[in-house]
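This report discusses side-chain interactions and burial, moving from an aromatic pair to salt bridges and then to individual helices.

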Amino acid sequence: MKLDTTLYFVTDSTNWEEEAFLSVVDKACAGGATIVQLREKNRTGREYLDLAIKTKAVTDKYGIPLIIDDRADIALAADAAGVHVGQSDLPVYAARKIMGKEKIVGATAKTVEQALEAQRQGADYLGVGAMYPTTTKVITVLTKPETLRAICAAVDIKVNAIGGLNKDNLEIIKGIPVDGICAVSAIMKADDPLEAAKQLKSAFIELNR
C-alpha cells in the first residue's frame with residue numbers, strides 16, 4: 001500500500017455515538033482522505049481495539065491505510081497499516097521493532113533535531129505542528145512556518161503539517177514543500193464531512209500548483 005499523506009484525517013470520537021462516528025470516517029474517505037489515524041486517548045485497550053477493528057473495516061473499503069495513535073499493540077492486533085507515536089510515547093525505534101519493517105511508523109516532531117532523530121530511528125513520515133491553535137488538545141505549542149520549512153529541508157521522509165488547518169487558512173504553508181496536511185476538526189466538526197474533505201484536499205492541491 002503506497003503511502004500517500006496528501007489528506008491525513010485524524011479522528012476524534014469524543015461525544016460521538018459509534019455508528020455516527022464510523023459514518024464520519026466513511027464520508028471522509030469518500031471525500032478524499034488518503035490516510036486515517038484513529039486517535040483515542042480515553043478508551044480502555046479493549047474498547048480501543050474494538051473501535052480500531054470497526055474503523056479498519058471502513059478504511060479497507062476504500063483501500064486507505066489506517067494508522068493507530070500511540071498503541072503499537074492495538075495496531076498489530078487490529079492489523080492496521082501502522083502506528084503513530086508522539087514525543088511522550090514509545091520511541092520510534094521501539095515502535096518499529098514491534099511493528100516490523102512492512103508496517104508504517106509515523107512520528108510527531110516539533111524541531112529539526114526531533115525530525116532527524118525520528119528519521120534515523122526508522123519513521124516513515126512526520127506530523128509537524130501545531131500551525132494554529134487547536135481545539136483538540138488543552139495545550140497547543142505552535143510551530144513557526146520557518147521551522148516546518150527547515151524540517152522539510154532536513155529530512156528525506158514525508159512531512160505533514162498539522163494543527164488547526166482548514167480550507168481557508170492554508171496560506172501559512174504556501175511555498176513550503178510539505179507532502180500533505182492533517183485535519184481533525186475541519187472534518188470531524190463539519191456539517192458535511194465528505195464535502196469538507198473534498199474541499200480541503202482540493203485547496204491543498206491548488207496551493208501547491
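Is Y8 buried or exposed? In this predicted model, Y8 is buried, with a relative accessible area of 1%.

**The aromatic pair**

The structure holds one aromatic pair. Its members are Y8 and Y125, whose ring centres lie 5.4 Å apart and whose planes meet at 55°, so the pair is classed as tilted. The angle falls short of the edge-to-face class, which requires planes over 60 degrees apart. Y8 belongs to strand β1 (residues 7-10) and Y125 to strand β6 (residues 125-129), so the pair ties together parts that are 117 residues apart in sequence. Y125, like its partner, counts as buried: its relative accessibility is 1%.

**Salt bridges**

A search of the whole structure finds 13 salt bridges. Three of them are set out below.

| Salt bridge | N to O distance |
|---|---|
| K61 and D26 | 2.6 Å |
| E40 and R43 | 2.9 Å |
| D168 and K167 | 3.2 Å |

The bridge between K61 and D26 joins two helices: K61 lies in helix α2 (residues 45-62) and D26 in helix α1 (residues 18-30), so the contact ties together parts that are 35 residues apart in sequence. K61 itself is exposed, with a relative accessible area of 56%.

The bridge between E40 and R43 involves a buried acidic residue, as E40 has a relative accessible area of 8%. R43 is partly exposed, with a corresponding value of 30%.

In the bridge between D168 and K167, D168 counts as exposed at 63% relative accessibility, whereas K167 is partly exposed at 38%.

Salt bridges also form a network, in which E18, D50 and K54 are linked.

**T59 in helix α2**

What surrounds T59 once its neighbours within four places in sequence are left aside? The residues in contact with T59 are then V25, C29, V36, I64 and L66. T59 is found in helix α2, the helix that also contains K61. At 0% relative accessibility, T59 counts as buried. A polar atom of the T59 side chain lies 3.2 Å from the backbone oxygen of K56. That distance is within the 3.5 Å limit set for a polar contact.

**Helix α8**

Helix α8 (residues 193-207) comprises 15 residues. From its first C-alpha to its last, α8 reaches 21 Å, close to the 21 Å expected at 1.5 Å a residue.

Which residues of α8 are buried? They are P193, A196, A197, L200, F204 and L207. Seen down the axis of α8, these buried residues fall within an arc of 105°, so they line one face of the helix. An α-helix has 3.6 residues a turn, so residues three or four places apart point the same way.

The buried residues of α8 are covered by elements that include β1, α1, β8 (180-183) and α7 (185-188). Two of these elements have appeared above: strand β1 carries Y8 of the aromatic pair, and helix α1 carries D26 of the salt bridge with K61.

Key: Residues are numbered from 1 along each chain as its sequence is written. This is a predicted model: local features need pLDDT of at least 70, side-chain atom pairs count only at pLDDT 80 or more; totals for chains, interfaces and linings use all residues. Side-chain values use heavy atoms; hydrogens and water are left out. A salt bridge is a side-chain nitrogen of Lys or Arg within 4 Å of a carboxyl oxygen of Asp or Glu. Helices (H or I, at least four residues) and strands (E, at least two) are DSSP runs, numbered from the N terminus. Buried means under 20% relative accessible area, exposed over 50%, partly exposed in between (1.4 Å probe, protein chains only). A polar contact is a pair of N or O atoms within 3.5 Å; within protein, one must be able to donate a hydrogen and the other to accept it, and residues adjacent in sequence count only if both atoms are side-chain atoms. Contact means heavy atoms within 4.5 Å. Rings of Phe, Tyr and Trp (its six-membered ring) pair if their centres lie within 6.5 Å; planes under 30 degrees apart count as stacked, over 60 as edge-to-face and the rest as tilted. The expected span of a helix is 1.5 Å times one less than its number of residues. The arc is that of the directions from the helix axis to the C-beta atoms.
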